[in-house]
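Me: I should like to learn how pockets, cavities and ligand contacts are to be read in a model. Could we work through one example together?

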Amino acid sequence: MTITDAIAEPLPRAVIDLAALRHNVSHLAALIAPSEVMLAVKADAYGHGLLPIARAGLESGATSLAVLEIPAGLVLRGAGITVPLLAWLHGPDADFRAAIEADIELGVSARWQLDAIAAAAADRPAVIHLKVDTGLSRNGATIEEWPGLIDAAVALQEQGVVRIRAAWSHLADASIDDDEKALGEFRAAVAIAEERGARFEILHLAASSAGIRMPEARFDLVRLGIAAYGISPFDDSTGADLGLVPVMRLEAPVTEIHVGGTSHARIAIGYGDGVPTLGIAKAHVAIGGIPRQVVAVEVDSMLVEMGSDRVRVGDTATLFGPGVNGEVIAEKWADWAETIADEMVTGVAQRVPRVYLG
Ligand SMILES: *Cc1c(COP(=O)(O)O)cnc(C)c1O
């Protein structure tokens, strides 16, 4: 037997707690001071929504923003945000002219980028952050390319075409030993650049992980991403252990009750909304504060076991959240799905409305 009550707009939603975001940013800003917080808002602020997160982060201690690609920086400028912005992922058709006019600082990993930026700098110098690869092999000049990149940047600075603002790199965050080694390589690369006449206004290396556990990697600023969203960058601790509060809660209404041998509830969220299909044998959602085993995930809905207590159409099922009401945290669901919590929050589909609190 199937009981289906019509409920108005059975929509899933991602509830974004801006007070939690503010708490996390100010907590982490205090931890890393006097280094500053550059809040990473790439990938639509890890799925939390670019503009609300950027504004809340700037209200609570972040002094600059990291956006990945130039178009996201232009959106922030269009919304009236005036703090320093850093974009570093540039395809061959990147609009460097627009970036320079909008005062967006540019990460430079390769000679072709430097040349294209120099060609686009018209009435004012492009502000650049020179990136060296310290073992991650995910963009950044190799140590062989670094001296040539430095010489070219110094020459362009003398012509007034660029302003060298920073040297930077990105850590793998795999282990403390690897990060220590990369820190040594970064220092060596900075020394090589200085011997060749480069002067850096700032240096930056750490993201959330090293920003929290490796004080010597903080330099002038920490590019803080996942931890600001209340998610631990470490396998052996939760956000709560670090004094952080998860910012996103993913929930959806119950739309149908199937009564039978085992009774099931259907929930209006599925893999088309970003729910992983992997690991469902372990996964559960909370309804009325009680965990319910997931049975199936379909494109726009999922089925869970009801248990003996009553579940009604219109009740709210919570997939993950702050972990205070019977629901799991995003890290837990990521374990079930054999992924990382970054993907759980960033993977919530655009069609799922973001609802802001605080
Ligand atoms: C994503 C990203 C960050 C933030 O990383 P988290 O681990 O989420 O804190 C910092 N720097 C760069 C270059 C990034 O791509």
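Reply: We begin with a term: a pocket is an open set of grid points with protein on both sides within 12 Å along at least five of seven lines, and its lining residues have an atom within 4 Å of a point. Please keep in mind that this is a predicted model.

Me: How many residues line the largest pocket, and which lie nearest its centre?

Reply: The lining comprises 39 residues, and those nearest the centre of the largest pocket are Asp173, Ile226, Pro233, Ile340 and Asp342. Two or more lining residues come from each of α2 (42-46), β4 (62-68), α9 (208-213), β10 (221-224), α10 (330-336) and α11 (341-346). The largest share, four residues, is given by α10. The volume of this pocket is about 940 Å³.

Me: Which domains contribute to the lining of the largest pocket, and what is its chemical character?

Reply: Domain 1 (2-14 + 246-357) and domain 2 (18-232) each supply at least three residues to the lining. By class, the lining of the largest pocket holds 20 nonpolar, nine polar and 10 charged residues.

Me: I turn to the ligand. Which residues come nearest to the ligand?

Reply: A residue counts as near when one of its heavy atoms lies within 4 Å of the molecule. There are 13 residues around the ligand, of which Lys42, Tyr46, Ser208, Arg223 and Ile226 come nearest.

Me: What polar contacts does the ligand make with Lys42, Tyr46 and Gly225?

Reply: The criterion for a polar contact is a pair of N or O atoms within 3.5 Å. From the side chain of Lys42, a polar atom lies 2.7 Å from an oxygen atom of the ligand. For Tyr46, a side-chain N or O atom is 2.6 Å from a ligand oxygen. Gly225 takes part through its backbone, with a polar atom 2.8 Å from an oxygen atom of the ligand. The protein buries 92% of the 390 Å² that the ligand exposes when taken alone.

Me: How many cavities of 30 Å³ or more are there, and what lines the largest cavity?

Reply: In a cavity, a 1.4 Å probe fits but cannot get out. The count is one cavity of 30 Å³ or more, and the largest cavity has a volume of about 40 Å³. Its lining consists of Tyr229, Ile231, Pro246, Val247, Met248, Phe320, Gly321, Ala330, Glu331 and Val345. Of these residues, eight are nonpolar, one is polar and one is charged.

Me: Finally, let us consider the backbone. Where is there a cis peptide bond, and which residues other than glycine have a positive phi?

Reply: The bond from Ala33 to Pro34 is cis, its omega being near 5°; Pro34 sits in the loop between α1 (18-32) and β3 (36-40). Leu68 has a positive phi, near 75°, and belongs to strand β4. Phe219, likewise not a glycine, has a phi of about 45°, and is placed in the loop between α9 and β10.

Note on methods
Residues are numbered from 1 along each chain as its sequence is written. This is a predicted model: local features need pLDDT of at least 70, side-chain atom pairs count only at pLDDT 80 or more; totals for chains, interfaces and linings use all residues. Side-chain values use heavy atoms; hydrogens and water are left out. Grid points are joined across faces, edges and corners, and a volume is the space filled by probe spheres set on the points. Ala, Val, Leu, Ile, Met, Phe, Trp, Tyr, Cys and Pro count as nonpolar, Asp, Glu, Lys and Arg as charged, and the others, Gly among them, as polar. Domain bounds come from an automatic or database domain assignment. A polar contact is a pair of N or O atoms within 3.5 Å; within protein, one must be able to donate a hydrogen and the other to accept it, and residues adjacent in sequence count only if both atoms are side-chain atoms. Accessible areas come from the Shrake-Rupley method with a 1.4 Å probe; for residues, only the protein chains shown count as cover.
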